[in-house]
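Work through the exercises below with the sequence and the coordinates at hand. Try each task before reading its solution.

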Amino acid sequence: MTQSQKDEIDFTALPKIELHAHLSGSISRQCLHEIWLKKKAEGKTDLEDPLVVMPEGKHDYDLKTFFPLFSTYTYRLIDDAWSLRYSTLSVLRDFAADGVVYLELRTTPREMPAAGLDKEDYVRLVLDTISQYEAAEPPASGPGMMHTRLILSVDRRNTLPEAQHVLSLAEKFHSPDDRNVNVVALDLCGDPSAPDIYKFAPVLDSRAPRRRLIPTLKTTLHFAEAECSSSDAELSTLLSWQPDRIGHVIHISQTIREAIVARGGGTDEKRPYGLELCLSCNVHAGMISGGFEEHHFGEWWQEKDCVVVICTDDVGVFGSKLSNEYALVAHHFGLGRAEICALARRGIDVIFAGEDEKARLREIMWT
Ligand SMILES: [Zn+2]
């Protein structure tokens with residue numbers, strides 16, 4: 001056997017952790033099509049077939065076309081309890097089939113007035129679907145069951161009262177002992193061109209009075225996703241909220257880079273700091289200049305005070321499964337088998353679930 005054959009990795013079989021996946025953006029086009037077929041047959045939708053709106057193979061959505069896709073299409077199709085359950089189950093099955101053993105799924109609570117569902121119903125439905133999936137669908141083979149936790153997102157376009165409501169839902173569905181499927185964190189996401197994020201401090205700053213009451217509820221933030229949301233002033237404010245992890249981390253100055261590294265190696269709480277990096281999304285959406293080789297993964301993955309976790313962001317839109325993201329990293333940055341396994345395992349240190357789950361992952365993830 002040659003060295004290269006020994007180094008060959010089955011990226012699907014590799015047990016993986018996914019920490020940055022949006023529920024709606026992770027729905028496959030086939031699943032959207034199935035939902036559309038049923039609604040069309042029942043006379044419940046006048047939307048066009050998703051396979052026409054988003055043809056298979058089209059992945060070049062950018063920040064201008066990406067967000068309208070959801071407001072004008074996906075949210076109008078997934079607008080009742082049945083379609084929410086169906087699409088959530090489909091997303092869970094897709095991640096599990098790709099070898100994901102631990103998933104943190106994020107979603108912005110949405111009301112579905114035509115179906116009589118408020119935002120609390122929405123979150124309960126998603127959590128119930130995850131619980132039922134874990135109870136009913138043990139894996140036939142492979143490294144083990146995929147366990148899932150939920151992150152609730154505040155949209156940058158939200159008002160402060162709307163963001164406070166998201167926090168209320170997180171408080172309600174968070175379980176400090178992490179015994180059950182539960183809400184583990186808050187996120188800040190959405191159109192980066194929406195300004196005035198400073199108003200969210202009472203909700204997203206971990207030092208805010210309400211947040212201090214539940215220290216086990218974590219925070220992750222979309223960070224420096226676009227140039228318009230990447231001034232040193234904005235990024236310094238976001239870091240001052242002491243998020244537990246940050247996502248994307250694209251347009252940063254040297255000052256901000258040093259501040260991020262200091263978060264990981266800082267003296268007050270010395271621990272590696274989690275960066276959720278999404279390669280295909282950044283490349284396909286033109287969020288970075290250049291191709292995969294130019295992605296800032298190359299600058300960060302060996303930074304000892306940070307933990308880089310490879311994530312998909314919106315696999316339904318950008319079409320690259322997590323296994324493929326690992327294959328891309330191996331190919332473009334020359335990581336061998338040992339480095340890929342180490343990269344996947346390091347993510348355990350920055351998941352938001354408790355010690356029991358971390359211990360389970362240390363058992364089943366490859367060394
Ligand atoms: Zn995202």
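A charge sits over a ring if NZ of Lys or CZ of Arg is within 6 Å of the ring centre and within 35 degrees of the ring normal. The model used here is predicted.

**Exercise 1. Charges over rings**

Task: Find what lies over the face of phenylalanine 352, and which ring has the charged end of arginine 257 over it.

Solution:
- Step 1. Start from phenylalanine 352. Arginine 245 lies over its face, 3.8 Å from the ring centre.
- Step 2. Turn to arginine 257. Its charged end sits over the ring of tryptophan 300, at 4.1 Å from the centre.

**Exercise 2. The zinc site**

Task: List the protein donors of the zinc ion and classify the arrangement of the four donor atoms.

Solution:
- Step 1. Collect the donors. They are His20 (NE2), His22 (NE2), His222 (NE2) and Asp313 (OD). Their distances from the zinc ion run from 2.1 to 2.3 Å.
- Step 2. Check the angles. The four donor atoms subtend 85 to 173 degrees around the zinc ion, so the arrangement is irregular. A tetrahedral site would need all angles between 85 and 135 degrees.
- Step 3. Read the spacing along the chain. The donors follow H-x1-H-x199-H-x90-D.
- Step 4. Place two of the histidines. Histidine 20 belongs to strand E1 (residues 16–22), and histidine 222 to strand E5 (residues 218–223). The pair is 202 residues apart and links distant parts of the chain.
- Step 5. Add accessibility. Histidine 20 and histidine 222 are both buried.

**Exercise 3. Aromatic pairs**

Task: State how many aromatic pairs a search of the whole structure finds, then describe the geometry of the pair formed by phenylalanine 297 and tryptophan 301.

Solution:
- Step 1. Count. The search of the whole structure gives seven aromatic pairs.
- Step 2. Take the pair of phenylalanine 297 and tryptophan 301. The centres are 5.9 Å apart, with 0 degrees between the planes. The pair is stacked.
- Step 3. Check burial. Phenylalanine 297 has 0% relative accessibility, so it counts as buried. Tryptophan 301 is buried too, at 17%; the cut-off for buried is under 20%.
- Step 4. Look for a cluster. Phe66, Phe67, Phe70, Tyr75 and Phe318 form one.

**Exercise 4. The surroundings of threonine 129**

Task: Decide whether threonine 129 is buried or exposed, and find which side chain makes a polar contact with its own.

Solution:
- Step 1. Locate the residue. Threonine 129 is part of helix H6 (residues 119–136).
- Step 2. Classify it. Its relative accessibility is 3%, so threonine 129 is buried.
- Step 3. Find the polar partner. The side chain of arginine 85 makes a polar contact with that of threonine 129, at 3.4 Å.
- Step 4. Extend to contacts, setting aside neighbours within four places in sequence. Threonine 129 then contacts Arg85, Thr88, Leu89 and Leu92.

**Exercise 5. Two aspartates in loops**

Task: Compare the settings of aspartate 205 and aspartate 196.

Solution:
- Step 1. Place aspartate 205. It lies in the loop between helix H8 (201–204) and helix H9 (209–212). Its relative accessible area is 9%, so it is buried.
- Step 2. List its partners. Its side chain makes a polar contact of 2.7 Å with the side chain of arginine 207. Beyond residues up to four places away in sequence, aspartate 205 touches Phe200, Arg211, Ser240 and Trp241.
- Step 3. Place aspartate 196. It is in the loop between strand E4 (183–189) and H8. At 43% relative accessible area, aspartate 196 is partly exposed.
- Step 4. Measure across the chain. The C-alpha atoms of aspartate 196 and arginine 157 are 8.9 Å apart, with the two positions 39 residues apart in sequence numbering.

**Exercise 6. Positive phi**

Task: What are the phi values of alanine 224 and histidine 248, and where do these residues lie?

Solution:
- Step 1. Recall the background. Most residues other than glycine have a negative phi.
- Step 2. Take alanine 224. Its phi is positive, about 55 degrees. Alanine 224 lies in the loop between E5 and H10 and is buried at 1% relative accessibility.
- Step 3. Take histidine 248. Its phi is positive, near 80 degrees. Histidine 248 is in strand E6 (residues 245–248) and is buried, with a relative accessible area of 0%.
- Step 4. Move on to helix H10 (residues 232–240). Its buried residues are Glu234, Leu235, Thr237, Leu238 and Leu239. Glutamine 242 follows H10 and has a positive phi, near 55 degrees.

How values were computed:
Residues numbered from 1 in each chain as written. Predicted model: local features only at pLDDT ≥ 70, side-chain atom pairs only at ≥ 80, totals over all residues. Heavy atoms only, no water. Helix = DSSP H or I, 4+ residues; strand = E, 2+ residues; numbered from the N terminus. Buried < 20%, exposed > 50% of the residue type's maximum accessible area, 1.4 Å probe, protein only. Polar contact = N/O pair within 3.5 Å; in protein donor to acceptor, adjacent residues only side chain to side chain. Contact = heavy atoms within 4.5 Å. Donors = N, O, S within 2.8 Å, 3.2 Å for Na, K, Ca; no water. Tetrahedral: all angles 85-135°; square planar, octahedral: opposite > 155°, others 65-115°. Phe/Tyr/Trp six-rings, centres within 6.5 Å; stacked < 30°, edge-to-face > 60°.
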